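Visitor: I am new to this structure and would like a close look at a single part. Please take one pair of packed helices and go on from there.

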Amino acid sequence: MSELITPELVTLDQNLGGTRESVIRHLAEKVVSAGRASSLEELFADAMAREQKTATGVPGGIAIPHCRSAAVTQASLAMARLEPPVDWGAKDGPADIVFFIAAPEGADQEHLQLLAKLARSLIKKDFTASLRSAETPQAVVELVDGALGLGPVPEAGPSGTAGTPAADAAPAGSGTGTSGAAAGGAAAGSAAGGATAAVGGAHRGAHAEGTGGERRGGEVHDGGGTATSGDAPASATGPRPERLVAVTACPTGIAHTYMAADSLAAAAAERGIDLQVETQGSAGSTPLDPEVIRNADAVIFAVDVDVRDKGRFAGKPVVSGPVKRGIDEPGVMIDEALAAAKDPNSRKVTGGGGGGGDERASAGGESFGGQLKRALLTGVSYMIPFVAGGGLLIALGFLLGGYELSLSNDDGVLNGDVILDGTGLFNLPPDGLLAYLGAVFWKIGNISLGFLVPALAGYIAYALADRPGIAPGFTAGAVALYMDAGFLGGIAGGLLAGYVAMWVGGWKVPSWLRGLMPVVIIPLIASLVASGLLLLVLGGPIAALTLALNDWLSGLTGVAAIGLGVILGLMMGADLGGPINKVAYAFAVAGLGEGSFENQAPWQIMAAVMAAGMVPPLGMALATVLDKSQFTMALRENGKAAWLLGAAFISEGAIPFAAADPLRVIPSTMLGGAVAGAICMGTGVTSQAPHGGIFVFFAIGNVFMFIVAILAGMVVSALVLVGLKRLTAPKQAEEPVVA
């Protein structure tokens with residue numbers, strides 16, 4: 001097997017800049033320099049994207065930034081021992097031990113299991129103490145290889161400098177106290193899946209099936225399956241122990257998933273609780289036994305992503321929170337779950353595996369406003385493929401068949417001479433094949449756009465109530481479409497359907513009725529309530545509001561149109577893919593289906609948003625050309641990639657610049673975006689495509705002014721940034737060269 005870590009990937013006792021970004025960049029440079037990744041900027045961007053989802057600092061002065069990246073050619077570990085430590089988002093203080101896990105997108109299961117074991121080892125105090133006292137990079141490599149079972153376990157010296165203490169040699173570590181882990185045993189052997197059993201202690205618990213995983217009394221020896229805290233002590237005549245089940249999962253499924261499982265298992269063992277954990281991570285996932293779930297008193301979800309097949313836990317009291325809470329506060333989550341099990345009014349997992357929003361709220365991890373925002377953005381994200389496919393097909397239809405395409409009646413006749421009844425290839429119109437294909441593309445595109453409002457409503461409801469919300473949401477969206485209530489009606493219908501489905505799913509029903517809840521009762525009641533309210537009460541006023549909004553947008557000219565373009569441009573440049581940027585983008589995409597040749601305002605808004613979103617990375621790229629001395633070598637390299645990212649409408653290409661210098665970069669991107677948005681709106685540029693940048697030129701109306709707007713915004717952004725840098729800091733020093 002290829003080595004995961006080598007001495008060249010280890011940095012000891014150095015100041016790497018004092019920020020997460022600088023440390024991650026240094027470690028990414030190590031990986032690239034070792035020939036294990038092809039692109040520094042791509043690897044750095046992927047790592048920072050993961051970091052921005054959830055901070056990867058964990059208790060004990062440890063940070064584990066990690067990512068999967070197409071740039072990685074060989075699974076790798078890079079380690080830094082920092083002096084001074086760097087704040088990494090952990091509650092107990094900054095981190096001085098940082099492990100950067102770089103995994104290829106298609107990493108094999110064996111490597112992923114090893115990376116998961118490393119993450120688990122890092123929550124063991126003896127192992128981290130040995131890392132802190134290791135004197136050479138080679139000693140660190142030996143410690144890590146020993147923990148992963150890739151080499152002999154170094155013997156512990158008087159102060160731990162020689163290696164990992166025996167109790168921590170097992171990949172998943174050993175438990176202490178009431179967990180039943182070895183109190184004075186030695187670690188021995190590793191199974192094919194990487195499971196190592198500690199001996200010499202009072203181990204309880206049985207072998208549990210997984211991909212080579214074995215769990216014993218409070219330990220989590222994982223090859224990718226489930227984990228358990230071990231059997232709680234109980235007498236033959238006493239009450240049965242309290243039983244919990246848990247699921248842990250994070251976006252990449254490499255580190256936090258398994259660390260949270262271990263932390264929860266250890267905390268449960270200390271309390272004498274029977275806990276079994278399902279790790280839904282990259283190293284594989286073995287579902288919990290249905291009998292175990294059935295006998296559980298409550299369930300814990302420590303997840304940053306949706307739980308797979310959540311319906312298995314229907315009716316169980318639930319406590320939910322981010323995966324990092326499972327690492328930082330495992331005992332608190334277990335105590336909350338035990339309290340929920342005894343509270344008849346506690347929140348439950350809904351009948352069809354739904355109620356995601358309900359369960360999140362139970363942990364206090366998501367406010368109503370956060371839940372609402374998540375639902376709306378989920379609906380927009382699922383709607384975008386319909387808009388993208390439909391809009392681009394319509395644009396291609398106009399490109400092939402001309403802009404006079406329009407339906408003249410409802411019997412499949414287009415322009416009076418193109419027949420869309422399945423026989424057109426044998427009866428081509430006078431204008432020939434291209435005109436016919438244009439008509440076909442145009443028709444398919446319009447049908448696709450017809451799903452825009454139902455899809456928006458359906459997936460808003462899905463985000464709130466999981467699968468039981470989809471049918472009521474789509475139905476409410478179709479009703480909104482029928483009543484000409486537009487995307488505003490779709491949003492209202494989706495929210496109504498989702499919240500009603502969530503409410504019904506929380507009803508306490510007999511066990512014989514639970515199977516009918518997700519497929520019959522929830523869709524029936526939620527559809528009736530949401531769609532009924534739209535038809536009887538809300539649809540008319542929303543339709544009137546939609547008509548007024550469309551009339552207002554259509555009537556925008558001159559200063560008013562330019563003002564709207566400025567606002568949209570400022571929003572697109574404000575946080576580069578963050579919430580403000582997404583609000584502007586969602587507004588443009590949601591209204592795109594309302595556009596037509598009679599009402600081009602929605603298309604103009606889309607063009608302004610796209611142009612303004614292209615400006616930040618392009619402006620940063622130009623700035624690195626105009627004055628190289630103001631940028632480090634790393635940022636100049638990033639500027640080269642930003643040209644392509646900007647051209648493709650990927651605003652996130654400017655994030656490395658903003659992370660390094662937000663007080664000067666953000667004002668420059670906002671001003672540049674405002675200029676681009678104003679020019680687009682002022683000159684009537686349109687876009688029927690929601691994404692793609694310059695590569696969807698055929699979907700852009702007045703493409704010349706579209707390009708002019710982008711170039712103008714790019715120049716303004718670059719000049720403002722360079723000017724601010726010269727005004728406040730004549731020259732930024734190069735990054736220090738770190739050995």
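Guide: The crossing of helices H20 and H23 is right-handed. This is a predicted model, and what follows is computed from it. Two packed helices are described by the angle between their axes and the distance between the axes. For H20, residues 601-626, and H23, residues 662-683, the axes cross at roughly 145° and come within 8 Å. On the H20 side the contact is made by Gln604, Ile605, Ala607, Ala608, Ala611, Ala612, Val615, Pro616 and Met620. H23 contributes Val665, Ser668, Thr669, Gly672, Gly673, Ala676, Gly677, Cys680 and Met681. Of the residues in this contact between H20 and H23, 12 are nonpolar and 6 are polar, with no charged ones.

Another helix, H21, spans residues 633-647 and contains Asn638. Asn638 has a relative accessible area of 6%, so this residue counts as buried, the cut-off being under 20%. Leaving aside residues up to four places away in sequence, Asn638 touches Glu41, Gly653, Pro656 and Phe657. Between the C-alpha atoms of Asn638 and Thr624 there are 9.1 Å, and the two residues are 14 apart along the chain.

Burial can also be followed in a strand. In strand E11, residues 274-279, 6 of the 6 residues are buried. Asp274, Gln276 and Glu278 point one way from E11, while Leu275, Val277 and Thr279 point the other way. E11 runs parallel to strand E10, residues 243-249, and 6 bridges join the two. Thr279 in E11 is the bridge partner of Thr248.

Key. Residues are numbered from 1 along each chain as its sequence is written. This is a predicted model: local features need pLDDT of at least 70, side-chain atom pairs count only at pLDDT 80 or more; totals for chains, interfaces and linings use all residues. Side-chain values use heavy atoms; hydrogens and water are left out. Axes are lines fitted to C-alpha atoms, for helices over the stretch in contact, and angles run from 0 to 180 degrees between N-to-C directions. Helices (H or I, at least four residues) and strands (E, at least two) are DSSP runs, numbered from the N terminus. A crossing is left-handed if the near helix is turned anticlockwise from the far one by less than a right angle, and right-handed if clockwise. Contact means heavy atoms within 4.5 Å. Ala, Val, Leu, Ile, Met, Phe, Trp, Tyr, Cys and Pro count as nonpolar, Asp, Glu, Lys and Arg as charged, and the others, Gly among them, as polar. Buried means under 20% relative accessible area, exposed over 50%, partly exposed in between (1.4 Å probe, protein chains only). Two strands pair if DSSP finds at least two bridges between them.
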